[in-house]
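The following exercises train the reading of a protein model. Please study the sequence and the structure before working through each solution.

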Amino acid sequence: MTNSTPRICVVGAGPAGLTCARVLQGNGIGVTVYDADDAVDSRDPGGTLDLHADSGQIALADAGLLDAFMAQARPEGQAKARRDHHGTVLAEFTPGPGDEAAPEIDRGRLRRLLFDHLRPGTVRWGHRLVRVTPLGRGGHRLEFEGGTTVEADLVIGADGAWSKVRPLVSDAAPQHLGVCFLDARFDEVDSRHPEVAGIVGDGHMFSNDNDGRAVILQRNGDGVVRGYIAFRAAPDWHVGAGVDLTDRESIRSHLAREFGHWSAAMRALIVRNDGDYVPRSFWALPAPLTWEHVPGVTLIGDAAHLMAPFGGHGANLAMLDGAELAHAVSRAAGLDEAVAQYESGMFARSGELAVSSNEALVRFFATTDEPDLPPDPEQEHRDYLARAEAYRQERARRAG
Ligand SMILES: Cc1cc2nc3c(=O)[nH]c(=O)nc-3n(C[C@H](O)[C@H](O)[C@H](O)COP(=O)(O)OP(=O)(O)OC[C@H]3O[C@@H](n4cnc5c(N)ncnc54)[C@H](O)[C@@H]3O)c2cc1C
């Protein structure tokens, strides 16, 4: 890059923003990250993530953190079981020894791992972006809650689903996918909830009936099981259902009625959780989403391609976006060329996966007598490894 001191601002310290910053710094390029959170661990970061060999792991290798990730990852967490709503196992997968195609890590650990490897002071916590104003010739002014402003030569929007940077490049907005869920967790699961531990096993447990209700639970680190009790509904479902979302027992009675036809063992997954339910919904951007290149600004991660999590691609693509953009910035003659290069690769990579992930969610929650069996995990793992190899070869070819 000819201008060796561009002012690069990343908005968002999620997987996308932190990976991008780490790879930029690894290439000797300065960057500042702004995040609305008060600290790296100031909120519950959510459940576990599997990082795929062909995307998240490539980004971690670029960040020099693949070994550190593997040291904390849970390969046994790749196990998967599909059950019907009576608890009958329909399909099962146990990873073989040495299978590292998509090991799991808790989001909080991943965030900490990336953050701890940035130069001190890189992330400015407590900075909620409210507006970005173009200044001409690719320059932008960022304004944060409280009135602080900074100017940048490149604004990288890594600020997730409800990105404040996105409107600079696209008027696309997330659309509700018609499915809501309640986040639930079980602590000290092996000793306090052995029946739940037995059903969930070492990895993921997916269960649905044939009328749009599902329970998806995953083993996290430290003896925790977390997951989602999901059903087709509009975001304000609780109003019509007369459910007080601040009252655990009100939610519980509603779920006990809604899932009354599930077996007693499976209902335990729905009503015996620890702590409060956290209501959430699935949203996605129109897919595939592209935009005309705008000088001085781009998007990575969910800000660019928020999709249904049915395929587990979101965080993986977010990290790969971050790494690829950082590489492009380090190699290209100027910021504009770098962003244009990154965007054409990112559009090609994410469009099809976003479409298929959103379709998978619709199928999973459809009313049907045919069980929607998941893709064969063994084949998926072979595919991750084959695509990782193809990706490395393509990169080597591009690097000459
Ligand atoms: C239920 C569920 C399960 C999922 N499971 C998986 C999975 O198994 N595998 C997988 O790969 N993906 C999964 N995903 C998707 C994954 O969570 C996202 O794709 C991923 O977190 C995107 O990373 P990101 O960095 O782009 O955005 P985020 O993780 O959303 O990070 C955005 C950051 O921006 C900050 N921010 C937001 N607004 C502002 C603002 N105005 N100013 C400053 N900072 C701001 C936030 O504080 C946050 O730190 C799942 C998603 C859901 C909802």
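**Exercise 1. Annotated positions**

At which residues does UniProt place the feature "binding site"?

Solution. The UniProt record, an unreviewed entry, places this feature at Asp50, Arg107 and Asp302. UniProt positions follow the numbering used here, feature names are shortened, and annotations may be inferred rather than shown by experiment. Residues are numbered from 1 along each chain as its sequence is written. The model is predicted: local features need pLDDT of at least 70, side-chain atom pairs count only at pLDDT 80 or more, and totals for chains, interfaces and linings use all residues.

**Exercise 2. Arg107 and Asp302**

Determine for Arg107 and Asp302 the helix, the degree of burial and the contacts.

Solution.

Step 1, the helix. Helices (H or I, at least four residues) and strands (E, at least two) are DSSP runs, numbered from the N terminus. Arg107 belongs to helix H4, residues 107–116, while Asp302 is in helix H10.

Step 2, the burial. A residue is buried if 20 or more other C-beta atoms lie within 10 Å of its own, exposed if 12 or fewer, and partly exposed in between, with C-beta atoms placed from the backbone. Arg107 has 18 C-beta neighbours inside 10 Å, so it counts as partly exposed. Asp302 has 29 other C-beta atoms within 10 Å and is therefore buried.

Step 3, the contacts. Two residues are in contact if their C-beta atoms, placed from the backbone, lie within 7 Å. When neighbours within four places in sequence are left aside, Arg107 is in contact with Pro45, Gly46, Gly47 and Leu49. Asp302, not counting residues up to four places away in sequence, touches Gly160, Ala161, Gly314 and Ala318.

**Exercise 3. The shell around the ligand**

Describe which residues and elements surround the ligand.

Solution.

Step 1. A residue is near a molecule if its C-beta atom, placed from the backbone, lies within 6 Å of it. There are 31 residues around the ligand, and Gly12, Gly14, Gly160, Gly301 and Gly314 come nearest.

Step 2. Two or more residues each are given to this shell by helix H1 (15–26), strand E3 (48–50), helix H10 (302–305) and H11. H11 gives the most, with four residues.

Step 3. Sorted by class, the shell has 14 nonpolar, ten polar and seven charged residues. Here Ala, Val, Leu, Ile, Met, Phe, Trp, Tyr, Cys and Pro count as nonpolar, Asp, Glu, Lys and Arg as charged, and the others, Gly among them, as polar.

**Exercise 4. The nonpolar cores**

Which members of the largest nonpolar core touch the most other members?

Solution.

Step 1. A nonpolar core is a set of buried Ala, Val, Leu, Ile, Met, Phe, Trp, Tyr and Cys residues joined through C-beta atoms within 7 Å. In soluble globular proteins, nonpolar side chains tend to be buried together.

Step 2. The largest core has 62 residues, of which Cys9, Val10, Val11, Cys20, Val155, Ile156 and Ile300 touch the most other members. Helix H11 (residues 314–331) gives the most to this core, with ten residues.

Step 3. Beyond four places in sequence, the contacts of Ile156 are Ile8, Cys9, Val10, Val11, Cys20, Thr298, Ile300 and Leu325. A second, separate core has 41 residues, including Leu182, Val215, Phe282 and Leu285.

**Exercise 5. The whole chain**

Summarise the chain as a whole.

Solution.

Step 1. The protein chain has 13 helices and 17 strands. Its radius of gyration (taken over C-alpha atoms) is 21 Å, close to the 21 Å that the globule rule (2.2 Å times the number of residues to the power 0.38) gives for 400 residues, so the chain is as compact as a globular protein of that length.

Step 2. Buried residues make up 42% of the 400 residues. Among contacts between residues at least 6 apart in sequence, 74% join residues at least 24 apart.

**Exercise 6. Backbone features**

Where does a cis peptide bond occur, and which loop holds Pro288?

Solution.

Step 1. The cis bond joins Ala287 and Pro288, with omega about -5°. Pro288 lies in the loop between strand E16 (274–284) and strand E17 (297–299).

Step 2. Asp222 has a positive phi of about 60° although it is not a glycine. Asp222 sits in the loop between strand E14 (213–219) and strand E15 (225–232), and is exposed, with 9 other C-beta atoms within 10 Å.
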